[in-house]
Amino acid sequence: MDPMSLFSLSEHLERLSKDGDPLEILDQTVDFEYFRDWLVEGLGYGDGSKGGRPPFDPVSMFKVLILQAQHNLSDAKMEFMIRDRLSWMRFLGFDLGGVMPDENTIRHFRNRMTATGTLKRVMKAFDWQLKKKGYIPMSGQIVDATLVPAPKQRNTEDEKAAIKAGKTAKEIWPDKPNKAAQKDTTARWTLKIGGKIRYRPDGTPLPQIALPVFGYKSHICIDRRYGFIRGSAVTSASEADGRQLKRVITKDNTASDVWADSAYRSKKNEKWLTKNMLVSRIHRRKPANKPMPEATARANAKKSSIRARVEHVFAHQKMRYGLFIRTIGLARAEAKLTLANLAYNFDRLIFHERRRTTA
């Protein structure tokens, strides 16, 4: 490359830094090298003694997945954006004109991260990094779930029945492998009931809008003090929220309070919380065929002021990341949403670190 071109490139990157490159801020805030040993061990990378083409640096590839999650890009689009944006190249550690990962490499790396369980371990490793920085889970925890849409499926009644019976795509379409590869048999339809419940003067509820949604459900638990996602789970959209309470609750919070909406209230969950010395702050339901008691309504309203903080997490992910499941199957959907949760925690850490420096 011409020396003048190199000088111009260096000048250009310096200007990006002066303008406040958000990726430089991310790189300075999150210790990505902390994940190297977890990635190398989990993915089974060798030392190169057996020869063959060396893989891309695992930390760089992990950064690729984070960028992809932040911008909701397909693998093909991600390949293009890496080559197109100088700030992305610098963040990922790739050289202009050098070898860069293509869409197949990105997909293979993400699938390997998922299959080996490395992605979940990295999520846990970052939680430990947060604790080392002083962000201990405090003041209780808040649980909630949100629907994440996926491409709608067009199936016959017989095919729908086979899917509900638990058959795989290969079993349903044995003679059509290409069709089977494009069919998601783990996503489900559900109704999204929108808006706050309002009541008539006689205490009967007014009708609510119900929208059909096909896809998955992201269940999370955040700590009340700092708002980091500490626990998560992914299910089909039709799965009941309350059944996932045990999966997402963590037991390292300094306070025992647990907030959630009325979908999580059940005798089984209340018993489990008590057994684990956790205090239920879950909303109470309106009595059947009776108006909501005034004391219960006030208590629920007070709980809502705290519980609403988890809605900010979903709003951030949906508005900033444009959450949508493009992949096929529960495992890949879980990888997509786990990466979105990691990306959110990175953004949240930047927010808190800025507050620390300006305080």
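In strand β3, the bridge partner of V143 is C221. This pairing is a convenient point of entry into the structure, which is a predicted model in which local features need pLDDT of at least 70, side-chain atom pairs count only at pLDDT 80 or more, and totals for chains, interfaces and linings use all residues. Residues are numbered from 1 along each chain as its sequence is written, and side-chain values use heavy atoms, with hydrogens and water left out.

The strands β1 (141-149) and β3 (residues 209-223) pair in the antiparallel sense over 9 bridges. Strands here, like helices, are DSSP runs numbered from the N terminus (E, at least two residues, for strands; H or I, at least four, for helices), and two strands pair if DSSP finds at least two bridges between them. A further position in this pairing is T146, which stands opposite S218 in β3. Strand β1 also pairs with β5 (residues 257-260), in the parallel sense and over 2 bridges; there, Q141 has V258 of β5 as its bridge partner. β1 is mostly covered, with 8 of its 9 residues buried, where buried means under 20% relative accessible area, exposed over 50%, and partly exposed in between (1.4 Å probe, protein chains only).

Strand β3 is likewise described as mostly covered: 11 of its 15 residues are buried. Besides its pairing with β1, β3 is joined by 7 bridges to strand β4 (residues 229-236), and these two run antiparallel. Y216 stands opposite S236 in β4. The hairpin of β3 and β4 has 5 residues between the strands, and in this hairpin G227 takes a positive phi near 80 degrees.

Positive phi values also occur at residues that are not glycines. S139 has a phi of about 65 degrees and lies in the loop between α8 (118-132) and β1. With a relative accessible area of 27%, S139 is partly exposed. M277 has a positive phi of about 55 degrees and is placed in the loop between α13 (267-275) and β6 (279-282). M277 is exposed, its relative accessible area being 71%.

The helix that precedes the loop of S139 is α8, and F126 lies in this helix. F126 counts as buried because its relative accessibility is 1%. Leaving out residues up to four places away in sequence, F126 touches V30, F35, L342, N345, F346 and L349; contact means heavy atoms within 4.5 Å. F126 and W259 are 133 residues apart in sequence, and their C-alpha atoms are 24 Å apart in space.

A second buried side chain to examine belongs to E79, which is placed in helix α5. Its relative accessibility is 19%, so E79 counts as buried. A polar atom of the E79 side chain lies 3.0 Å from the backbone nitrogen of E103. For a polar contact, a pair of N or O atoms must be within 3.5 Å; within protein, one must be able to donate a hydrogen and the other to accept it, and residues adjacent in sequence count only if both atoms are side-chain atoms. Apart from its neighbours within four places in sequence, E79 is in contact with P101, D102, E103 and I106.

Helix α5 (75-84) also contributes to the second largest pocket: together with α4 (58-71), α7 (103-115) and α16 (330-358), each of these helices supplies at least two residues of the lining. A pocket is an open set of points, on a 1 Å grid over the protein atoms alone, where a 1.4 Å probe fits, with protein on both sides within 12 Å along at least five of seven lines; lining residues have an atom within 4 Å of a point. The volume of this pocket is about 540 Å³, a volume being the space filled by probe spheres set on the points, which are joined across faces, edges and corners. Of the 23 lining residues, D75, R110, R326, T327 and I328 lie nearest the centre of the pocket. By class, the lining has 9 nonpolar, 7 polar and 7 charged residues; Ala, Val, Leu, Ile, Met, Phe, Trp, Tyr, Cys and Pro count as nonpolar, Asp, Glu, Lys and Arg as charged, and the others, Gly among them, as polar.

For the chain as a whole, the secondary structure comes to 16 helices and 6 strands. The C-alpha trace spans about 80 × 65 × 35 Å along its principal axes. Of the 359 residues, 43% count as buried. Among contacts between residues at least 6 apart in sequence, 66% join residues at least 24 apart.
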